[in-house]
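Reader: I have a model open and want to go through its backbone, its sheet and its ligand site. Can we start with how exposure is judged?

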Amino acid sequence: MSVKTPSIPSFTMIEVENLTKRFGSKTAVDHLSFSVKKGEVLGFLGPNGAGKSTTMRMVTGFLPPTSGSIKICGISVIQKPTEAKKRIGYLPESAPLYNDMTVTGFLNFGAEIRGLSGAAKREAVEKAIETCFLQGVARQSIDTLSKGYRHRTCLAQSLLHDPEVLILDEPTDGLDPNQKHEVRQLIRRLGENKAILFSTHILEEVEAACTRAVIVDRGKIVVDGTPQELIEKSGTGSLTDLFREVTTRDTEPAPEEEEAA
Ligand SMILES: Nc1ncnc2c1ncn2[C@@H]1O[C@H](COP(=O)(O)OP(=O)(O)OP(=O)(O)O)[C@@H](O)[C@H]1O
């Protein structure tokens, strides 16, 4: 008689259903549905203007959707935004920093905003500094940091409350190749115990950091799969070829414009 191995439950941490955002007559996000489980790193790919940042801003509760639902760890972002936000770490596309603070001062401030104090605050700040390799600049004023370190300081603040869900908008943008490599490794490592959604333009990041990826075009998901599945789908073994095949170039008119022409 065979003994059944108990299956490890895979918790859905991010659940997006039929998410739509219209800005006037422009539909930026069009009935988007996807989910991310604990232990998954979902890469969010797409050309400029595809709707990636708009989706992320809705998932983090900073932008109200036109319609659709978003749940973080089963909690509705629309109905219970404060509860849901406690479980999210968010690195926005252009994250705000206080230039006259030191890295540690800024992270202390961020921890206080998250309601941490005393030993818990100290531990959270130390852990974030260590995780993002900021030890060497911890006492340095933010306005004297290089772009890479500023970026990692932003990333560190998103980790302070040890969130179960991480939403990272182009986390490797503007970094040099070594820093890109480090941040990708970090995302992979963090993804072992969290659910991560991160957007990027860099296709090699799919293989380097993601367990799954979606390609978004004009607010709709046009491809969804593991890095291996995406490579197979390309037919040529090149993610760039697949990306070019399924997305619209800037110069091509939108269908409405074609009809109107
Ligand atoms: N506040 C806004 N008002 C009007 N239109 C907006 C607004 N925010 C975004 N858009 C439009 O929505 C579309 C999607 O934008 P979004 O920033 O989400 O794209 P993206 O995929 O993140 O692009 P990128 O890769 O360039 O960052 C774009 O056409 C953009 O101009």
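Author: A residue counts as buried if 20 or more other C-beta atoms lie within 10 Å of its own, as exposed if 12 or fewer do, and as partly exposed in between. Note that this is a predicted model.

Reader: Fine. Is Cys-73 buried, exposed or partly exposed, then?

Author: Cys-73 has 19 other C-beta atoms within 10 Å, so it is partly exposed.

Reader: And where does Cys-73 lie?

Author: In the loop between strand S4 (67-72) and strand S5 (75-76). Cys-73 is not a glycine, yet it has a positive phi of about 50 degrees.

Reader: What about the phi of Phe-133?

Author: Positive as well, at about 55 degrees, and Phe-133 is not a glycine either. Phe-133 sits in the loop between helix H4 (118-131) and helix H5 (147-159).

Reader: Why is Phe-133 classed as partly exposed?

Author: Because 16 other C-beta atoms lie within 10 Å of Phe-133, and the partly exposed class falls between 12 or fewer and 20 or more.

Reader: On to the sheet. What is the strand order?

Author: S6-S7-S8-S3-S9-S10, an open sheet of six strands with mixed pairing. Strand S6 (88-91) and strand S10 (220-225) are the edge strands, each pairing on one side only. From one strand to the next, the twist averages 15 degrees.

Reader: Do S9 and S10 run parallel or antiparallel?

Author: Antiparallel, with five bridges joining strand S9 (residues 212-217) to S10. One of the residues to look at is Ile-215, whose bridge partner in S10 is Val-223.

Reader: Which strands does helix H1 touch?

Author: Helix H1 (residues 52-59) packs on the sheet and touches strand S3 (41-45), strand S7 (165-169), strand S8 (195-200) and S9. The direction of H1 makes about 150 degrees with that of S7. Helix H6 (residues 177-191) also packs on the sheet, touching S3, S7 and S8, and its direction makes about 155 degrees with that of S8.

Reader: Now the ligand. Which residues surround it?

Author: Phe-23, Lys-26, Ala-28, Gly-46, Asn-48, Gly-49, Ala-50, Gly-51, Lys-52, Ser-53 and Thr-54. Strand S2 (26-37) and H1 are the elements that give two or more residues to this shell.

Reader: Which of them gives the most?

Author: H1, with three residues.

Reader: And how does the shell split by class?

Author: Three nonpolar, six polar and two charged residues.

Methods:
Residues numbered from 1 in each chain as written. Predicted model: local features only at pLDDT ≥ 70, side-chain atom pairs only at ≥ 80, totals over all residues. Helix = DSSP H or I, 4+ residues; strand = E, 2+ residues; numbered from the N terminus. Pairing = 2+ DSSP bridges. Axes fitted to C-alpha atoms, helices over the stretch in contact; angles between N-to-C directions. Contact = placed C-beta atoms within 7 Å. Near = placed C-beta within 6 Å. Nonpolar A, V, L, I, M, F, W, Y, C, P; charged D, E, K, R; others polar.
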